[in-house]
Amino acid sequence: MIEVRGLTKKFGAVTAVDGLTLRVERGEVFGLVGPDGAGKTTVMRMLCTLVAPTSGEARVAGFDVTREVDQVKDRIGYMAQRFGLYGDLTVAENMRFYADLFGVEGEAALTEQLLEMTRMAPFRDRYAAQLSGGMKQKLALMCTLLHKPEILFLDEPTNGVDPVSRRDFWVILRRLVDGGLTVFLTTAYLDEAERCGRVGLMHGGRLIRVDTPAGLKQALPEACIEVRCGDPRAARALLRGMDGIASADLTGSALHVFVRPGGPDEEAVRAYLAGRGISDAQARRILPSLEDVFIATIRGEAAVHAG
Amino acid sequence: MRRTRAIARKELLHIARDPRSLIMALALPMVMLVMFGYALSLDVDQIPAVIYDQDGTAESRALWDGFRGSRYFTIVRHVDGYAQAESDLERGAALAALVIPRGFGAKLVAGERAPVQLILDGTDSNTASIALSYARGLILAHSGRVQTEWRLRSGAGEVPPPVDAQIRVAYNSELKSKNYIVPGLIAVILMIIAALLTSLAIAREWENGTMEELLSTPVRPAELVLGKLSAYFLLGAVDMVTAVLAGVVIFGVPMRGSTWLLFLSGGVFLFGALCWGLLLSAITRNQLQAYQLGLLSSFLPAFLLSGFVYAVDSMPLLPRAVSAAVPARYFVSLLKGVFLKGVGLEVLAVELGLLAVYALVVFALVTRKLREKIA
């Protein structure tokens, strides 16, 4: 569905996207994950024909994004980070506008169907400006779905949306994917990335790893130990000085410690802390979250580049 | 077609739901027309004057009676000394003072030269020189009459004046300035309104983030431009009709030519002016900047370089060359031609053609600008 080879975008001297190569199959939910400024949005805009690549090539739904712009546009739905809804138009008017732009046939029935699916039917005559963040999101999604695109591009779709609405959004998305839609999304939320079929980690304009969420976790060479104690900051400072520890970072109230292969186990960590005045520490081996993987991977990259 | 219609309908909804901009679009032309129509009168008549008649004879009264009877002068009062006359001029109560010296009547009767003095407020040189020529004309006519009477009385018989100019002013026989200001004003108003209305139209989409979405849909740049244009064209056409009606009904400007030609050229001009606003909007992508640029680039050239107030032919070379690129200039010619001269396409085809060329060029520029990517 999406084929990208050596895609590069330079803005002046800055390389926003650096030699990206990627394949996404039909019916996949692919998530591009990375910190702000990693180049995720630029990749998406290039795939949606909104930004011209500096070099490399990309085909979406079988069409080239630089030479066959109109064919690509007819087959994709694009929901920008700040989706363009007209605040002074009602929900129904916004949908009609996009239906007309895409030349959708039988839009009335389709609109009803979408309004039902997203449980937005009671709000059809409300001005878009007066909708909550979650409802705006749903309206934006409906507008991009009207022309039955083959691929849906979502740029940080649930940014700034409350958790309940986010869950709703994913229920709708899941149903669409079951109907054969391909979804390509970017996100800064790693829990959202875990819902994707495959995830690409982006950092500094480069795609550093692509795998399923489970695959990424298993591929991590380091063991992860969670440490809880009364003074996690002091513990972090101590552990960073211990042999065999790759990193120690605060995650909420706990400390996630990455141990290099052959390094200390959880018992050794606990004993090390106890010997240095932190006697209430509990340590246990955990399966790393995608966030852990992400941080560890970026750290590895940085080390490679520094070395 | 469906996409163009969708854009136009959406744009009309924006306009209808923003009462402030709607009122601005519809009321501003009327306000400007009335304000400029009355304030920008370049006619000089009813010049306030004082009379200082030291002579007080039937002969001196006959002279200032001529001033009183003329529509160019209004006699404010009679004064008894230079001090009073000067104070009236200083306060601006009078713009002219006519001083008739003692012995004026006696000299006339005796057939001698009889001088009179005219004091003018020269602050506004234009008004002063017009007042001067009116006064000179009145005095000359009066002395002609005196001369004739004198010859008759002395038995020399009637001698006809050597040259008698029969003047006919064509197209604006009363030389009323509103007759040429109002048609020009219609062009200025349309240019400003059109450029201002549309200057926001594309910048707003960029600022709201809707432009990115529009560009990802199959809508083509030309459809986007045409859709937006047709919505604002409707508004501009309403403005044009109200301005023309107001000109004819309120200001009594004669409408001698073809109404069809008037509205055809109005439509072509409006199309170009709307495109200009859209172009600024597409380039700046910023509502405030586009608005300011729209105001500057429409108001100043349309006002100063269009021949609306200052005749293009009497401009120095440089401004005259610049004015060739100002579409309002051709529209002002068209309007004056149709309103006052009643001429048709046989005379105005070049102006209309140039307006059409301008409109198409700017339309092509906007369309090309919108074909550009986000970055």
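These are my notebook entries on a predicted model with chains A and B.

**Entry 1: where the chains touch**

I began with the contact between the two chains. Chain A brings 23 residues to it and chain B brings 22 residues. Next I asked which elements give two or more residues to chain A's side. They are α2 (69–75) and α3 (91–101) of chain A. The largest share there, four residues, belongs to α3(A). I also sorted chain A's side by residue type: 13 are nonpolar, two are polar and eight are charged.

**Entry 2: a look at α3(A)**

Since α3(A) had turned up at the contact, I stayed with it. How many of its 11 residues are buried? I found nine, so I noted the helix as mostly covered, with buried meaning 20 or more other C-beta atoms within 10 Å of a residue's own. Among the buried ones are V91(A), M95(A), F97(A), Y98(A) and L101(A). The list also includes N94(A), R96(A) and D100(A).

Then I looked for what lies over them. The cover includes α4 (107–117) and α5 (133–145) of chain A, and α1 (2–16) of chain B is part of it too. Just past the end of α3(A), I spotted G103(A) with a positive phi of about 65°.

**Entry 3: the sheet in chain A**

Here I traced an open sheet of four strands, in the order β2-β1-β4-β5, with antiparallel pairing. Its edges are β2 (14–24) and β5 (63–64), each of which pairs on one side only. Inside the sheet I followed β1 (residues 2–11) against β4 (residues 55–60), an antiparallel pair with five bridges. For a handy spot to click on, I2(A) stands opposite V60(A) in β4(A).

**Entry 4: chain B as a whole**

I counted up chain B next: its secondary structure comes to 14 helices and four strands. Is the chain spread out or a compact globule? Its radius of gyration is 29 Å, while the globule rule gives 21 Å for 375 residues; 29 Å is well over that, so I wrote down "more spread out than a compact globule". Along the principal axes, its C-alpha atoms fill a box of roughly 95 × 45 × 40 Å.

The domain assignment gives domain 1 (16–41 + 176–371) and domain 2 (47–153) in chain B. I noted 48 Å between the centres of these two domains, taken over C-alpha atoms.

Two last figures for chain B went into the margin. Of its 375 residues, 38% count as buried. Among its contacts between residues at least 6 apart in sequence, 80% join residues at least 24 apart.

Note on methods: Residues numbered from 1 in each chain as written. Chains lettered and ligands numbered in written order. Predicted model: local features only at pLDDT ≥ 70, side-chain atom pairs only at ≥ 80, totals over all residues. Contact = placed C-beta atoms within 7 Å. Nonpolar A, V, L, I, M, F, W, Y, C, P; charged D, E, K, R; others polar. Buried ≥ 20, exposed ≤ 12 C-beta atoms within 10 Å, placed from the backbone. Rg over C-alpha atoms; globule rule 2.2 N^0.38 Å. Domains from an automatic or database assignment. Pairing = 2+ DSSP bridges.
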